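Open the model in your viewer and keep the selection panel at hand. The stops below go from one chain to its interfaces and then to a core.

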Amino acid sequence: MNIITGIKDSLLVSLWFILLTFPIMVIRVNTIENVVEWRWRNMLLVGAGSFILSLVWRYLHKRKEAGGQESPDEPETVPLVRRILDTPRLLIPALIALGIALAVFPFTFSVYQVNIMITAIMFVVLGLGLNIVVGLAGLLDLGYVAFYAVGAYSYALLNYHYDVGFWIALPIGALLAFSAGILLGFPVLRLRGDYLAIVTLGFGEIIRLILENWNEFSFGPSGISNIDRPGFFGIDFSFREASIYIYFIMIGLCLFTIFVVNRLEKSRIGRAWIALREDEIACQAMGIDKTKTKLAAFALGATWAGMIGVVFAAKTTFINPASFTFMESAIILCIVVLGGMGSILGVMLAAIILILLPEYLRAFSDYRMIVFGACMVLMMVFRPQGLISGGRSIYQLNQAQKDLQKDP
Amino acid sequence: MKKRLFVFSLPVLFLSLFLTPIFSGNALAQDTIKLGIAGPHSGDLASYGIPSIKAAELVVKEINAKGGVLGKQVELLVEDDVCKPELATNTATKLVSKGVHVVLGHVCSGATKAALGIYKDAKVIAMSPSATNPALTQAGEFPNFYRTIAADDEQAKLEVHFAINKLKAKNIAVIHDKGDYGKGLAEYAKKFVEEGKQANVVLFEGITPGAVDYSAIVQKIKQSKADTVIYGGYHPEASSIIMLMRKKKMKTNFVSADGVKDDTFIKVAGKSAEGVYATGPKDVSKNPMAITYNEAHKKAHGADPGAFFLNAVAATQALLNAIQKAGSTDAAAVAKVLQGQDVDTPLGKIKFDKKGDAIGVGFSVYQVKKGVFVELK
Amino acid sequence: MDYFLELFVGGLTRGSIYALIALGYTMVYGIIQLINFAHGEIYMIGAFTALIVSSVLAMYGMEGISVLIISTVLAVMYSAAYGFTVEKIAYKPLRQAPRLSPLISAIGMSIFLQNYVLLAQTSDFLPFPSLIPEIDLPERYQHIIGSSELVIVSVTALVMIGLTIFIKFTKIGKAMRATAQDRSMAMLLGVNVNRVISNTFILGSALAAIGGVLIASHVGRINFYIGFIAGIKAFTTAVLGGIGSIPGAVLGGLVLGWTESFATGYISSDYEDVFSFVLLVVILIFKPTGLLGKTLVQKV
């Protein structure tokens, strides 16, 4: 009975999709010779495809709903990762294994693999940085890429004009991005929610347009080439060696970021951010300085973007404004949300998936981006709270105290 | 339940992520000549990158049918860079680690610049059908780079010369699309006009590609009383501007470069395109090879080829021919052939100079007459 | 003076289009507080449908105003259907999810739809027939306003009036307003909230399709990517006018259109978008909820 209605509904769905996709999938107008091409085969494909997908969708939904009815407190629903994190007996070997894998990786895989891994780790750090702003402080920032651009251009320009090296530029880029964060922070502090989102988006676009138009300053759309790769006591690296070197720099930076963000989250200001996210007014009533807290979130978030910007410039050795569009901001935001807002581990996982996915989807060639878009929708529909939802620290009485309470 | 499913799916996902490239990498036959093709195959600039894949496919199909190069079949490795520098470095490293011998690409100058360093380190020769930034060859940084298209400054010189001497332009408006190619071209045009001192640049402005409409800039051109517009950029924006200009009954001359000299421009702009001037590679419509390839494309894909198609055909032929003649895929040997020997292509007989620019790819000025670009003698 | 008028008309036309697309954003936002990033793509699909339909009709020898009407009607229907389907797939399952999750699925949907059209049709620009008939205006005004500008502005005005009446007086409109005000209260009073949300998407998408057909016919070319920039501009428009407010979307569109037009005309088009975003920031600093947005009293 249930199956029959399911099939009937799926048939209706596939009929709907056939109608829906008819003009775009079936008809192709050849404006050169003025002939219309009717691609009936596509119609069959759409029909069959949507029928099967609809069945799968229905099934998964049922699974999801059935899953939702289970009591959420059951211990077995605790995700594996969290279980590993919470038990040191599992955590330490897992970390060691991960460490070895990361250390061996660049020597066993090709330069290409190392390179996309660098990109993925860069986006891990970017995600962690934006996580401070969006995940912890709850400020929706759609122009995060602006700070990334600030970092990248500060290294590129310093390197071009004054021959400044990577290691000196790294803190300078971070500092400049920090200042840019404060500069942007001031005017927009009064705004809330989506008004903030559009202003940050605007800010990101303004930075990009300035880089594009102000030739004397930024060399315009033709960009800056021949930026130095990071140096190591003046040793001349080949491309492969340089990649491995940057890989380890990124691993180091990433560990540093995780450490800092983890500390920040549990610090006074971190808890102030979370409080601000949950309820601004209550937060003010508790005596938290709203302005300072928000500015700190913006500026600290921007700092990471600035740092990664420097690494980015050093890695590609060429930058132009095309790398700093709204799409990059959107991807970083996706990493934060998909990871589960506020969860460090989730952000890392999401960054790796979202950056490596399009690279490995190259196997699909033409269908790469369409699969990527579909994956984003599906991941959100089936894991709306993110891969690993941010665990709240709950302060519990420990066992000894409990026992004490039990038998007075 | 759902959590368990999720936990299961993750390792599977990861495993498959890591395994796919390994398997696909090893499963390929070892003994082929690997020709990499890099360019934008998705995103907003896809229409400039996809034609070069089709071009290479056609050439390679023909060559493989005749027994390949050096007795080996030619294999295509197609990689998308979306015209973004950072992705271009990824595609370049991917091609290099797959053991590519020569590369056709990249398409955008910015992406090309980012990728060339990697090819240079790997001693791989890259030949672009479309990257026109003058510095790519003239700066001498990249001895491994060649192109089958002329640099921006060459075209700008021709455009300005034509506008001043033939069209008797006195007031010139220079408009560009803020892009790497368009703005570069426009800046050279401005420079040449100012150096010539025979005409004035009355307007120098950038428009936003993809904007909803361009009526404001058209009004501004009109207000500036320019008699000639020199436009640097691609055909989509150019067609919008020219249509609006003609709608406003403006008779201003419109001169542009090879970014506009595309049949799509005429198709889109229709009647308004009549009388538009564009510089472009010397007329090849009589070249038998060009005709063959255009026909082959029409037959295979049911449509006219897109931008830089013939340049890409020429580049593919030049590269494969050089490997054949050199007898190896060694970069130095291939370079020697590229610079020393002529090769027959749809663009005519070409070879390359020391810097990597093609010799023999001439330029002429075209005008749209009755719906086709006609070469002006 | 003529120059000023020309720029004024240019800005008005551009602003009208922004407003038509922004309405969809603003209505959806008003009801489910979602920035629907896929809205620009719906507009693009509307334009594509109109192009395909009108070309097919032209093949069969149809001409003139009937082509315009049939293709617009079909484009509106298809866009509405796409809007409806997108909502069902990407947003409805996320009703109870954290606030940013639908935003991400919207971005995913936008990427998906763009590439869907890219693959199913073409990456090239396609010429869009000028469906709006050319009517010669008196010589004096010809260079200031053309027939397509006239049609765009008047259609927008008509649509706005119609929409206002619809929202004010019909049962569906009332249900929409009630849902926007307080979703759970509306539900308690017997409003079928899911249907109201669907209706909002259908209505917003239909308006976007009208915008798509008008602008494509005015500019004369489309490709799969036109929705992206239009979407961002429309989003700016909606926020500028006060997101959730229908007259705000119109006002925001006009302000944005004129800013861009005059900035290009009197200053430089290099920084056209910079001007519009700076204006946005300045307005939001002084009026944090946009021009006509209601100042929300925050309760604890």
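In what order do the elements of chain C run from the N terminus on? Select chain C, colour by secondary structure and follow the trace: the order is α-α-α-α-β-α-α-α-α-α-β-α-α-α. That gives chain C twelve helices and two strands. Bear in mind throughout that this is a predicted model.

**Chain C as a whole**

Keep chain C selected and show its C-alpha trace. Along its principal axes the trace spans about 60 × 50 × 35 Å. The radius of gyration of chain C is 19 Å, which agrees with the value near 19 Å expected for a compact globule because the chain has 300 residues. Of these 300 residues, 60% are buried. Now turn on the contacts within chain C: among those between residues at least 6 apart in sequence, 77% join residues at least 24 apart.

**Where chain C touches chain B**

Add chain B to the view. Here 35 residues of chain C are in contact with 31 residues of chain B. On the chain C side, select α1 (2-32), α4 (101-120), α9 (193-219), α10 (226-241), α11 (246-267) and α12 (272-286), the elements that each give two or more residues to this side. Helix α1(C) provides the largest share, seven residues. Colour this side of chain C by residue class to find twelve nonpolar, 14 polar and nine charged residues.

**Where chain A touches chain C**

Hide chain B and bring in chain A. At this interface, 42 residues of chain A are in contact with 52 residues of chain C. The chain A elements to select, each giving two or more residues, are α1 (2-26), β1 (27-30), α8 (193-213), α12 (280-285), α14 (326-339) and α16 (368-382). By class, the chain A side has 31 nonpolar, six polar and five charged residues.

**The largest nonpolar core**

Which residues touch the most other members of the largest nonpolar core? Select A:Val124, A:Cys334, A:Ile335 and A:Ala351; the core they belong to has 354 residues. Next select helix α5 (residues 111-136) of chain A, the source of the largest share of this core with 19 residues. In soluble globular proteins, nonpolar side chains tend to be buried together.

Finish by centring on A:Val124. Setting aside neighbours within four places in sequence, A:Val124 is in contact with A:Cys254, A:Val347, A:Met348, A:Ala351 and A:Ile352. One of these contacts, A:Ala351, is also among the residues that touch the most other core members.

Technical notes
Residues numbered from 1 in each chain as written. Chains lettered and ligands numbered in written order. Predicted model: local features only at pLDDT ≥ 70, side-chain atom pairs only at ≥ 80, totals over all residues. Contact = placed C-beta atoms within 7 Å. Helix = DSSP H or I, 4+ residues; strand = E, 2+ residues; numbered from the N terminus. Nonpolar A, V, L, I, M, F, W, Y, C, P; charged D, E, K, R; others polar. Rg over C-alpha atoms; globule rule 2.2 N^0.38 Å. Buried ≥ 20, exposed ≤ 12 C-beta atoms within 10 Å, placed from the backbone. Core = buried A, V, L, I, M, F, W, Y, C linked by C-beta atoms within 7 Å.
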